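Colleague: Could you take one part of this model and go through it closely for me? I would like to know what surrounds that part and how it is tied into the rest.

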Amino acid sequence: MSDGAPRPAPYEQIVFSGGGLRCFWHGGWMEAVGESLEFRPARITGSSGGALSAAAWIAGRETRLFDRFVRAVRRTDWNVTLDDMDDDHGRTPHQRVYEAIVEDVIDAAAQARIAEGPAFQVNVSTVGDASGATLRALVAGTIYQAEQAVAPTPRPRLSASAGVEQRLIDARQAARDGMLPDLIRMAATVPPAFRPDDWDGEPIYDGGMVDKAPLPDPDEGRTLVLLTKRFHSLPDDDPDRIDYVEPSETVLSGSKLDFTDPDLLHEAWALGGKDGRDWLARR
């Protein structure tokens, strides 16, 4: 605990990496560190589940997000079945649960707060508007998974060979347009678990295939990058300007996409809190 008011944090940019349910590590970390440091970044980015982490943090909804997700997961008995892949909307339990949570937590009041907050970009990937987009995304995802299995890195290099491109989308403008929940949902689209939708005429997929921890554009000032797993190697960025923070151990004992076990959420949040307190003690 802090002995007084939180002191200003020395970061102009914060990056919330992706990682599925591991992203609840972000909430525990920011809650613990926020007792001693006050973050007032000029720019924020989020990728995949990290886009939801970032939006919830900006809106002051981290605890609400956690509680809402726990309630939803307790009511979910399975992750996917063949019947779910062919429902009227083409959405699996993952996507239906995630969509409902995002729309509830990132409501009109939260979007208004985000629209007036710091610059905020959501990282997504796309294969453009060419035919066979989902198949190409599946190929890119397979390449990405293979690369992560051999040499895990927050900045994959090989999925671009399948024609995947990065987009950083202005989340504040999306909030002003009332479209931020849609953007956050699209940013976590992992086929076939999630069905893709279009943004500005392009099918949108999980941005983690191209960059799990994207730096803002423009990229200026000291930067805090919050990862949700330990990597074989970190990007060769300026260590005097960019601080990468990794979990001290594996965040989850189960799958990052298991929407049936609320204990996983508690594990991620608790480890984030522990790691945040340890990080403060080392400063």
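Modeller: The answer below starts from one helix and works outward.

This is a predicted model, so local features are described only where pLDDT is at least 70 and side-chain atom pairs only at pLDDT 80 or more, while totals for chains, interfaces and linings use all residues. Residues are numbered from 1 along each chain as its sequence is written, and side-chain values use heavy atoms, with hydrogens and water left out.

The protein chain holds 9 helices and 10 strands; these are DSSP runs numbered from the N terminus, with helices (H or I) of at least four residues and strands (E) of at least two. Of its 283 residues, 55% count as buried. Buried means under 20% relative accessible area, exposed means over 50%, and partly exposed lies in between, with a 1.4 Å probe and protein chains only.

The part to look at is helix α1, residues 24-33. Of its 10 residues, 9 are buried: Phe-24, Trp-25, His-26, Gly-27, Gly-28, Trp-29, Met-30, Ala-32 and Val-33.

Helix α1 packs against helix α9 (residues 262-282) at an angle of about 40°, and the two axes are 6 Å apart. The axes are lines fitted to C-alpha atoms over the stretch in contact, and angles run from 0 to 180 degrees between N-to-C directions. The crossing is right-handed, that is, the near helix is turned clockwise from the far one by less than a right angle. On the α1 side, the residues in contact (heavy atoms within 4.5 Å) are Phe-24, Trp-25, Gly-27, Gly-28, Trp-29, Glu-31, Ala-32 and Val-33. Their counterparts in α9 include Leu-265, Ala-268, Trp-269, Gly-272, Gly-273 and Arg-277. By type, the residues of this contact divide into 11 nonpolar, 5 polar and 3 charged. Here Ala, Val, Leu, Ile, Met, Phe, Trp, Tyr, Cys and Pro count as nonpolar, Asp, Glu, Lys and Arg as charged, and the others, Gly among them, as polar.

Phe-24 is one residue of α1 that can be followed in detail. Phe-24 counts as buried because its relative accessibility is 8%. Leaving out residues up to four places away in sequence, Phe-24 touches Leu-265, Ala-268 and Trp-269, along with Leu-65, Phe-66 and Phe-69. Phe-24 and Leu-264 are 240 residues apart in sequence, yet their C-alpha atoms are 9.2 Å apart in space. Contacts across long stretches of sequence are a feature of the chain: among contacts with a separation of 6 or more, 75% are between residues 24 or more positions apart.

Trp-29 of α1 also belongs to the interior. The largest nonpolar core has 64 residues, and those with the most contacts inside it are Trp-29, Phe-39, Phe-69 and Ile-106. Such a core is a set of buried Ala, Val, Leu, Ile, Met, Phe, Trp, Tyr and Cys residues joined through side-chain atoms within 4.5 Å. Helix α2 supplies the largest share of this core, 8 residues. A second, separate core of 8 residues includes Leu-215, Leu-227, Phe-231 and Ile-242. In soluble globular proteins, nonpolar side chains tend to be buried together. Beyond four places in sequence, Ile-106 is in contact with residues including Leu-52, Ala-55, Ala-56 and Ile-184.

Next come the strands. Strand β2 (residues 13-16) is covered on both faces, with Gln-13 and Val-15 buried on one side and Ile-14 and Phe-16 on the other. Strands pair if DSSP finds at least two bridges between them. Strand β2 runs parallel to β4 with 4 bridges, and also parallel to β9 with 4 bridges. Ile-14 stands opposite Ile-44 in β4 and opposite Leu-224 in β9, while Phe-16 has Gly-46 of β4 as its bridge partner. In β4, 5 of 5 residues are buried: Arg-43, Thr-45 and Ser-47 on one side, Ile-44 and Gly-46 on the other. Strand β4 also pairs with β5 (residues 119-126), in the parallel sense over 5 bridges, with Arg-43 partnered by Ala-119.

Ser-48 lies in the loop between β4 and α2. Ser-48 has a positive phi of about 55° although it is not a glycine, and at 7% relative accessibility it counts as buried.
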